[in-house]
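Okay, thanks for squeezing me in. Have a look at the model on the screen, and I'll talk you through it.

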Amino acid sequence: MAKIPATLIKTTTEVSATVGLIEAKTQEIACVAMFTQVTLFRHFQNKEQPLTCDYLSDRLTVSSCSLLR
């Protein structure tokens, strides 16, 4: 997995765990990851996408993805 998407996935997970996904702002996620919002939106359509099994399943094995559900 490329470094930028992996960093954004990790950061989205961390920020969402701290403040909740609804309260997590894309600007905050990008800032904590030390990227801009533009970079976040180049890789993902929204803040939820890095956390979805559909997105991750392209990068993980099917058995790994089923563990995320």
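**A quick walk through the model**

So, this is a predicted model, and the chain averages a pLDDT of 82, with 74% of the residues scoring at least 70. pLDDT is the predictor's confidence in each residue, from 0 to 100. Some housekeeping: residues are numbered from 1 along each chain as its sequence is written, and side-chain values use heavy atoms, with hydrogens and water left out. Local features need a pLDDT of at least 70 and side-chain atom pairs count only at 80 or more, while totals for chains, interfaces and linings use all residues.

What's in the chain? Five helices and zero strands, with the pattern α-α-α-α-α as you read along the sequence. Helices here are DSSP runs of H or I, at least four residues, strands are runs of E, at least two, and both are numbered from the N terminus.

Now, where is the confidence highest and lowest? Among the elements, helix H2, residues 26-32, has the highest mean pLDDT at 96, and helix H5, residues 62-68, has the lowest at 46. Over residues 62-69 pLDDT stays under 50, and the model has six contacts there beyond four places in sequence. A contact means heavy atoms within 4.5 Å.

On to the inside. Of the 69 residues, 32% count as buried, meaning under 20% relative accessible area with a 1.4 Å probe, protein chains only; exposed is over 50%, and partly exposed is in between. The largest nonpolar core has eight residues: Leu8, Ile9, Val15, Ala24, Ile29, Ala33, Leu40 and Phe44. Helix H1, residues 3-19, gives the most to this core, with three residues. By nonpolar core I mean a set of buried Ala, Val, Leu, Ile, Met, Phe, Trp, Tyr and Cys residues joined through side-chain atoms within 4.5 Å.

Let's stay with H1. The buried residues of H1 are Pro5, Leu8, Ile9, Thr11, Thr12, Val15 and Ser16. Why does Thr11 count as buried? Because its relative accessibility is 5%. Leaving out residues up to four places away in sequence, Thr11 touches Ile29, Val32 and Ala33. Val15, with neighbours within four places set aside, is in contact with Gly20, Ala24, Glu28, Ile29 and Val32. And Gly20, just after H1, takes a positive phi of about 90°.

One last number: residues 24 or more positions apart account for 46% of the chain's contacts with a separation of 6 or more. That's my bit, thanks.
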